[in-house]
Amino acid sequence: LNDKKNQLISVSDQNSEFYVERNADKEKYRKILLFLGEFDKDALFEKQERVHELLNQLVILENSLSVEEDELKRNQNKLQLLQGIPCGTDAYVSKATIPLNEKEAENLSGQIDDLNDDIEEINPDEVEDHIGKYNEIVNKKNALSNKITNYDLKIEKNASIIKNLMSEIEVSEEKVSEYELNKEIIENLGNLSQKLRSLKIK
């Protein structure tokens with residue numbers, strides 16, 4: 001009986017600890033849900049998407065600039081080689097093309113500078129940092145949800161154990177009580193039997 005009572009106390013204490021821990025985790029979970037509900041994740045992911053678009057455009061423009069600069073160098077080299085040769089049609093074509101190459105290279109450089117300014121304004125490092133933190137918070141929310149569910153299962157299991165222990169204790173206490181009531185009768189019967197034996201002997 002005492003063993004059952006000690007088990008009941010231990011399981012009840014454990015359940016009380018589970019309730020306290022679960023409620024603390026529920027409060028953290030509630031605060032995270034509140035934060036996530038107010039947080040504008042769409043704007044954050046739109047910024048990330050915009051950065052990717054701008055970076056793709058930047059790669060295209062840098063490739064175009066590289067091609068244009070190569071063309072400019074080729075035309076400048078051709079002009080230099082053919083400059084002293086009379087009737088050099090290629091020289092005239094190269095000479096006429098160089099200003100177009102320079103203008104296009106300058107135009108592309110300006111577009112690249114503008115794109116870099118746009119990217120810098122968005123601040124990709126900060127955006128990625130915020131997305132990382134957002135994902136950490138979502139992971140923490142999911143982990144807390146799992147912990148709360150586990151606490152609920154443990155509390156439910158312990159409640160069932162407590163109920164069984166209480167039933168067993170009640171049955172044991174009834175037996176002890178019944179024994180205590182009958183103890184006197186059993187002892188009196190024992191004394192009576194002895195007296196009867198002693199009377200028979202005489």
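**A tour from the surface patch to Leu 72**

Select Ile 185, Leu 189, Leu 192, Leu 196 and Leu 199: in this predicted model these residues form a nonpolar patch on the surface, with a combined accessible area of about 500 Å².

Next, pick out Ile 185 from that patch. Ile 185 sits in helix 4, which covers residues 124-201. Its relative accessible area is 49%, so Ile 185 counts as partly exposed; the label exposed needs over 50%.

Now move to helix 2, residues 41-82, and select Leu 72 within that helix. Leu 72 has a relative accessibility of 14% and therefore counts as buried, the cut-off being under 20%. To see what surrounds Leu 72, show Ile 98, Asn 101 and Glu 102: Leu 72 is in contact with these residues, leaving aside neighbours within four places in sequence. Then add Leu 100 and draw a distance between C-alpha atoms: Leu 72 and Leu 100 are 28 residues apart along the chain, and their C-alpha atoms are separated by 8.8 Å.

Zoom out and colour by secondary structure. The protein has four helices and zero strands, in the order α-α-α-α along the sequence. Its radius of gyration is 45 Å, well over the 17 Å that the globule rule gives for 202 residues, so the protein is more spread out than a compact globule. Align the view to the principal axes, and the C-alpha trace spans about 165 × 35 × 15 Å.

Finally, turn on the accessible surface. The total for the protein is about 15200 Å², with 52% belonging to carbon and sulfur atoms. Of the 202 residues, 21% are buried. Among contacts with a separation of 6 or more, 89% are between residues 24 or more positions apart.

Notes: Residues numbered from 1 in each chain as written. Predicted model: local features only at pLDDT ≥ 70, side-chain atom pairs only at ≥ 80, totals over all residues. Heavy atoms only, no water. Patch = residues over 30% accessible without salt bridge, like charges linked within 9 Å, V, L, I, M, F, W, Y side chains within 5 Å. Areas by Shrake-Rupley, 256 points an atom, 1.4 Å probe, with all protein chains shown as cover. Salt bridge = Lys/Arg side-chain N within 4 Å of Asp/Glu carboxyl O. Helix = DSSP H or I, 4+ residues; strand = E, 2+ residues; numbered from the N terminus. Buried < 20%, exposed > 50% of the residue type's maximum accessible area, 1.4 Å probe, protein only. Contact = heavy atoms within 4.5 Å. Rg over C-alpha atoms; globule rule 2.2 N^0.38 Å.
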